[in-house]
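Please read the following walk through the model with the sequence and coordinates open. The order is backbone first, then helix packing, then the cores.

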Amino acid sequence: MTDLTRLTATDLIAAYRDGSVSPVEVTLAMLAAIDAGNDDVNAFVLVDADGAVAAAVRSEARWRRGGVLGPGDGIPTSIKDLLYTRGWPTLRGTNLIDEHGLWAEDAPAVARLRETGAVLLGKTATPEFGWKGVTDSLRHGPTGNPWDAALTCGGSSGGSAAAVGLGMGAWSVGTDGGGSLRIPAAFTGTVTIKPTYGLVPVWPASPFGTLSHLFYFLSSVCK
């Protein structure tokens, strides 16, 4: 039997198209992976299971009637906790931000994901303000490596790398100024790239200026 948590986004879209797999099945499998593994690695600092399932149900209906929103429709996705995500606190790994707020805006990358019908699972861990190559913070604690939770996953997008490495979503949005995508990818056996600056809009502006880019962890070789 195919492990749904190990299918790439491309695999999932093909399976949704031919009807062999549904977004609801995949989302439930990835939420189960979060339940099974997140206590060990601390990849997620927020999980919205109800919201994810509701989004997957809507996506499944779109696939059945042939009205998908875009190329990411139904793909379980997580967001590094540096990016504004409507309805969820963006705490940036710090105790200096009050979680009680309106949280009414999406960063552009998150908004585009919603427009394409992606299933947003939750927010992934970052060191405070994403400033270092190890993912830990006073607010959320350390994030472990999917190969060995006692080891570091690197940083600062370590929560995203650990999530993808353990099948907790097909991809995850991270950020990279001085290696924050590339270091965790190298440490965890996941795949990423630092794209051309400006290809994916960075907002709110990064404290690292033109060094900071946004992209995804795409796949994993973890078992």
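Helices (H or I, at least four residues) and strands (E, at least two) are DSSP runs, numbered from the N terminus. The model is a predicted one. In that numbering, Arg-92 sits in the loop between β2 (76-80) and α4. The phi of Arg-92 is positive, near 55 degrees, and the residue is not a glycine. Most residues other than glycine have a negative phi, and most peptide bonds are trans. Is Arg-92 buried or exposed? Its relative accessible area is 18%; buried means under 20%, so Arg-92 counts as buried.

Asn-42 is another non-glycine residue with a positive phi, here near 60 degrees. Asn-42 belongs to the loop between α2 and β1. Asn-42 is buried as well, with a relative accessible area of 18%.

Two further backbone points lie on either side of helix α5. Ser-156, in the loop between β3 (119-124) and α5, is joined to Gly-155 by a cis peptide bond with omega about 10 degrees. After α5 comes Gly-167, with a positive phi near 75 degrees. The helix itself, residues 158-165, is mostly covered, with eight of its eight residues buried. These buried residues include Gly-158, Gly-159 and Ser-160, as well as Val-164 and Gly-165.

The next subject is helix packing. Helix α2 covers residues 23-41 and helix α3 residues 49-65; their axes are 8 Å apart and make an angle of about 160 degrees. Angles over 145 degrees count as roughly antiparallel, which means that α2 is roughly antiparallel to α3. The crossing of α2 past α3 is right-handed. On the α2 side, the contact is made by Pro-23, Val-24, Thr-27, Leu-28 and Leu-31. An α-helix has 3.6 residues a turn, so residues three or four places apart point the same way. The partners in α3 include Ala-49, Ala-52, Val-53, Ala-56 and Val-57, and also Ser-59, Glu-60 and Trp-63. Sorted by class, the contact of α2 with α3 holds ten nonpolar, two polar and one charged residues.

Strand β1 (residues 44-47) contains Leu-46. Which residues does Leu-46 touch, leaving aside its neighbours within four places in sequence? They are Trp-88, Pro-89, Leu-121, Gly-122 and Lys-123. Leu-46 also lies 9.8 Å from Ile-79, C-alpha to C-alpha, with the two positions 33 residues apart in sequence numbering.

What remains is the nonpolar interior. In soluble globular proteins, nonpolar side chains tend to be buried together. The largest nonpolar core here has 25 residues, and Leu-12, Tyr-16 and Ile-75 have the most contacts inside it. Two or more residues come to this core from each of α1 (9-18), α2, α4 (108-115) and β4 (171-176). The most come from α1, which gives five residues. Beyond its neighbours within four places in sequence, Leu-12 is in contact with Leu-4, Leu-7, Val-26, Met-30, Ile-75, Pro-76 and Ala-170. Apart from this core lies another, of 16 residues, among them Val-24, Ala-55, Leu-121 and Met-168. Two of these names have appeared before: Val-24 is part of the contact between α2 and α3, and Leu-121 is in contact with Leu-46.

Conventions
Residues are numbered from 1 along each chain as its sequence is written. This is a predicted model: local features need pLDDT of at least 70, side-chain atom pairs count only at pLDDT 80 or more; totals for chains, interfaces and linings use all residues. Side-chain values use heavy atoms; hydrogens and water are left out. Axes are lines fitted to C-alpha atoms, for helices over the stretch in contact, and angles run from 0 to 180 degrees between N-to-C directions. Angles under 35 degrees count as roughly parallel, over 145 as roughly antiparallel, 65 to 115 as roughly perpendicular and the rest as oblique. A crossing is left-handed if the near helix is turned anticlockwise from the far one by less than a right angle, and right-handed if clockwise. Contact means heavy atoms within 4.5 Å. Ala, Val, Leu, Ile, Met, Phe, Trp, Tyr, Cys and Pro count as nonpolar, Asp, Glu, Lys and Arg as charged, and the others, Gly among them, as polar. A nonpolar core is a set of buried Ala, Val, Leu, Ile, Met, Phe, Trp, Tyr and Cys residues joined through side-chain atoms within 4.5 Å. Buried means under 20% relative accessible area, exposed over 50%, partly exposed in between (1.4 Å probe, protein chains only).
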